[in-house]
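Grab a pencil and open the viewer. Below are some exercises, each with a solution worked out step by step.

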Amino acid sequence: MSLADRLQSTLNELRSALPDVRGCLIASADGMLIAQNVSSGDSNRMAAMVATSLGLGKRMCEAFGSGSLSETSVSGDAGQVFIYGAGSKGVLAVINAAGGNIGLLHLECRAAARKVAEILG
Amino acid sequence: MDFAPLKVVVSGPVGAGKSTYIRTLSTTTVVETDEMATECIGKDLTTVALDFGTLHIDGFEVLLFGTPGQERFDFMWSVLCEGAAGLLLLVAAHRPGSFLKARHILEFITSQVPIPFLLAVTHTDQERVWELEEIADFFGLPVTDLLAVDARDRSACARMLHRLLERCLPTGRDEQSRVTA
């Protein structure tokens, strides 16, 4: 399977495992879209935004003595975005509807982020 | 002297020298959010969120906010320009291919927040560079809106900032640029 196919199937599996998830994407740390399974919205723009958020989060962890960043999230009243570092090169973002099983979501997404990190090498 | 800190945004296309400019001037540890670049942009790292540095000049505390250069990060241009007193737009004189992008950034920002700005022309020590007058023509600006600056040269960077502050504060203050560490 090609690199792109493996990343895509990781996203597809994530979406079928988590019905409340409205979309997920993988971007490079510098904000280029690598793969996506997003129902609506401009995924290129989302990729840049999650890279910005991750980049800022990394420096916040450094500044606040919190070690190296593993994940960050943004919550609105109609949903959340969870952003997971995937190795040094990538980032996985998952857009979730409000509510849902956050525990299960984190479990699945952290595993997916590790997989993405492995694939990206 | 007790003035509120002034926020100055440093923007411009990729590779113009924004991060270098802030590193050169800041007297506090610079917050940098550089990540490995996956595109071929002539350098290994690129800013994805912001650069942040501070200094005192002319009796003012100045907060420098550097933006990412790529258009895909244009939301950060808006975020960082909120409440800004002035804008320094860095343009690399040896990369005419980036001038259009620079003009786009300038129009994007000044159409949202009409703030005073100056064009800082960098990399003028390279071969085959555009002259200040030619760049001014391209941007449709008076040549007095442009200043050549070596982003690695602290006093040149401070002079540039001093010139911008004169525009932000039209009443003017002392002529001599003073940078206190």
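**Exercise 1.** Work out whether D58(B) is buried or exposed, and say what stands out about its backbone.

*Solution.* Start with the accessibility: D58(B) comes out at 4%. The cut-off for buried is under 20% relative accessible area, so D58(B) counts as buried. Bear in mind that this is a predicted model. Next, find the residue in the fold: D58(B) sits in the loop between β3 and β4 (60-66) of chain B. Last, check the backbone: D58(B) is not a glycine, yet its phi is positive, at about 50 degrees.

**Exercise 2.** Do the same for H123(B): find its place, its phi and its accessibility.

*Solution.* First the place: look in the loop of chain B between β6 (117-122) and α4 (132-139), and you'll find H123(B) there. Then phi: H123(B) has a positive value of about 55 degrees, although it isn't a glycine. Finally the accessibility: H123(B) has 25% and counts as partly exposed.

**Exercise 3.** K18(B) is buried. Which side chain of opposite charge is nearest to K18(B), and how far away is it?

*Solution.* Step one, locate K18(B): it belongs to helix α1 (residues 18-25) of chain B. Step two, look for a partner of opposite charge: the nearest is D51(B), at 7.3 Å. Step three, apply the cut-off: a salt bridge needs the side-chain nitrogen within 4 Å of a carboxyl oxygen, and K18(B) has no salt bridge. Step four, see what else is around. A polar atom of the K18(B) side chain lies 3.0 Å from the backbone oxygen of G12(B). Setting aside residues up to four places away in sequence, K18(B) also touches several others, including V10(B), P13(B), T67(B) and L90(B).

**Exercise 4.** Describe the largest pocket: what is its volume, and which residues are closest to its centre?

*Solution.* The volume is about 560 Å³. The lining has 30 residues, and G15(B), A16(B), G17(B), T20(B) and K43(B) are the closest to the centre. Now map the lining onto the fold: α1, β2 (31-36) and β3 (45-57) of chain B each contribute at least two residues.

**Exercise 5.** How many salt bridges does a search of the whole structure find, and what does the pair E35(B) and R59(A) join?

*Solution.* A bit of background helps here. Side chains of opposite charge can pair when their charged atoms come close. Over all chains, the search finds twelve salt bridges. In one of them, the side chains of E35(B) and R59(A) meet at 3.8 Å, N to O. E35(B) is in strand β2 of chain B and R59(A) is in helix α2 (residues 43-63) of chain A, so this pair joins two chains. Both E35(B) and R59(A) are buried. Zoom out a little, and you'll see a network of salt bridges that links K58(A), R59(A), D34(B) and E35(B).

**Exercise 6.** Take the salt bridge between R110(A) and E71(A). Which parts does the pair tie together?

*Solution.* Begin with the distance: the two side chains meet at 2.6 Å, N to O. R110(A) lies in helix α3 (residues 102-120) of chain A and E71(A) in strand β3 (residues 71-76) of chain A, so the pair ties together parts 39 residues apart in sequence. As for accessibility, R110(A) is partly exposed at 36%, and E71(A) is partly exposed at 27%. Then look at H106(A), also in helix α3 of chain A. H106(A) is buried, at 16% relative accessible area. Leaving out neighbours within four places in sequence, H106(A) is in contact with E71(A), F82(A) and Y84(A).

**Exercise 7.** Find A120(B) and list what it touches.

*Solution.* A120(B) is in strand β6 of chain B. With 0% relative accessibility, A120(B) counts as buried. Not counting residues up to four places away in sequence, its contacts are L89(B), L90(B), V91(B), L147(B), V149(B) and M160(B). To finish, check a distance: A120(B) and R154(B) are 34 residues apart in sequence, and their C-alpha atoms are 14 Å apart in space.

Conventions
Residues numbered from 1 in each chain as written. Chains lettered and ligands numbered in written order. Predicted model: local features only at pLDDT ≥ 70, side-chain atom pairs only at ≥ 80, totals over all residues. Heavy atoms only, no water. Helix = DSSP H or I, 4+ residues; strand = E, 2+ residues; numbered from the N terminus. Buried < 20%, exposed > 50% of the residue type's maximum accessible area, 1.4 Å probe, protein only. Lys, Arg positive; Asp, Glu negative; His and termini not counted. Polar contact = N/O pair within 3.5 Å; in protein donor to acceptor, adjacent residues only side chain to side chain. Contact = heavy atoms within 4.5 Å. 1 Å grid on protein atoms, 1.4 Å probe; cavity = no way out; pocket = protein on both sides within 12 Å on 5 of 7 lines; lining within 4 Å. Points joined across faces, edges and corners; volume = space filled by probe spheres on them.
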